[in-house]
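I opened a new structure today and wanted a few notes for the bench. My list: a helix, the empty spaces, a histidine, and the charged pairs.

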Amino acid sequence: DLDEAVLGVRYSAFGYAGQKCSACSRCIVVDPEGPDGAHTRTFLERLAGATRALVCGDPTHPGTDVPPVIDSEAAAGIRRFIDTARSEGVSELVGAKDFAPSPPRGEGRGEGSSMLADLVPPHVFTGVTPEHTIARQEIFGPVLAVLHARTFDEALAIANSHAYKLTGGVFTRKPSHIERAKREFRVGNLYINRGCTGALVGRQPFGGFGMSGVGSKAGGPDYLLQFVEPRACSENTMRRGFAPEL
């Protein structure tokens, strides 16, 4: 359902300026016709239009969709990833050119300066393969890499080959694909036909596999046990009652 997929990917990728650990940083489009297939073109056109409609700016304004990132160091790191993507030859579908210009990068967060210097507009790159830097690294910013697969099998293989396995999402109308994703998509939190951010404590215990996993999931039934120190006590009870009185 493209209506759901476009909005779900857009919000998951660019909500909170993409700074959530569960943000959508990679989107795999399945199209038997390849990267230039009609399904892919339709999805990308709609995703690009929806992304360009986002309002970037001051987070104190209620109409702002994409605020600045957390600090100047984060902004500089995200921009380096964007420059790397361009140098590796992937296509920039949406970028800074599609949004109102932000203040010069030299403006910091000191007295009298504006945090808008750390505003990084949403970027969508297409023609990305699993070998490209933005497909391998965790950026924690509003940068989305769009990859392509000809089959659902290939899409699962691409997704599962990644080192980071915190959250994943699948938009599909095929029940068989949903069941396969539940069995084979190796992520800690899997979302079906909805965005991949916003886990609710108690309902969706949060934690991942691979480089995204450290043990028990936050908010799960065994979470508090991680904060206790286990002890082992052993007693030989065979001689109980025969000890001399003190």
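Below is what I looked up, entry by entry, in what is a predicted model.

**Helix α6**

I started with α6, which runs over residues 175–184 and has His177, Ile178 and Ala181 buried. Looking down the axis, I found these buried residues within an arc of 105°, so they line one face of the helix. Pro175, Lys182 and Arg183 are exposed on the other side. I then asked what covers the buried residues of α6. The cover includes α5 (152–160), β6 (167–170) and β7 (189–192).

**Spaces**

I got 1 cavity of 30 Å³ or more. Its volume is about 90 Å³. Among the residues lining this cavity I noted Cys21, Cys24, Glu138 and Phe140. I sorted the lining into 5 nonpolar, 3 polar and 2 charged residues.

Next I went to the largest pocket, with about 1,200 Å³ of space. Its lining takes in 48 residues, and Arg26, Cys27, Ile28, Gly169 and Val170 are the closest to the centre. Several elements each give at least two residues to the lining, including α1 (2–14), β1 (26–30), α2 (38–52) and β6. My split for this lining is 26 nonpolar, 14 polar and 8 charged.

**His148**

I found His148 in strand β4, residues 143–149. Is His148 buried or exposed? Its relative accessibility is 15%, so I put it down as buried, the cut-off being under 20%. Leaving out residues up to four places away in sequence, I see His148 touching Ile28, Val29, Thr40, Leu44 and Glu154, among others.

**Salt bridges**

I have 11 salt bridges in the structure. One of them joins the side chains of Asp1 and Arg173 at 4.0 Å, N to O. Asp1 sits in the segment before α1 and Arg173 in the loop between β6 and α6, so this pair ties together parts 172 residues apart in sequence. I logged Asp1 as partly exposed at 38% relative accessible area, and Arg173 as exposed at 69%.

Back in α6, I found Glu179 bridging to Lys182, with the closest N and O atoms 3.8 Å apart. The two are 3 residues apart in the helix, about one turn. Glu179 is partly exposed at 39% relative accessibility, while Lys182 is exposed at 53%.

I also marked a pair between Asp98 and Lys97 at 3.5 Å, N to O. Asp98 comes out partly exposed at 24% and Lys97 exposed at 58%.

Last entry: a network of salt bridges links Asp153, Arg180, Arg183 and Glu184.

Conventions
Residues numbered from 1 in each chain as written. Predicted model: local features only at pLDDT ≥ 70, side-chain atom pairs only at ≥ 80, totals over all residues. Heavy atoms only, no water. Buried < 20%, exposed > 50% of the residue type's maximum accessible area, 1.4 Å probe, protein only. Helix = DSSP H or I, 4+ residues; strand = E, 2+ residues; numbered from the N terminus. Arc of directions from axis to C-beta. Contact = heavy atoms within 4.5 Å. 1 Å grid on protein atoms, 1.4 Å probe; cavity = no way out; pocket = protein on both sides within 12 Å on 5 of 7 lines; lining within 4 Å. Points joined across faces, edges and corners; volume = space filled by probe spheres on them. Nonpolar A, V, L, I, M, F, W, Y, C, P; charged D, E, K, R; others polar.
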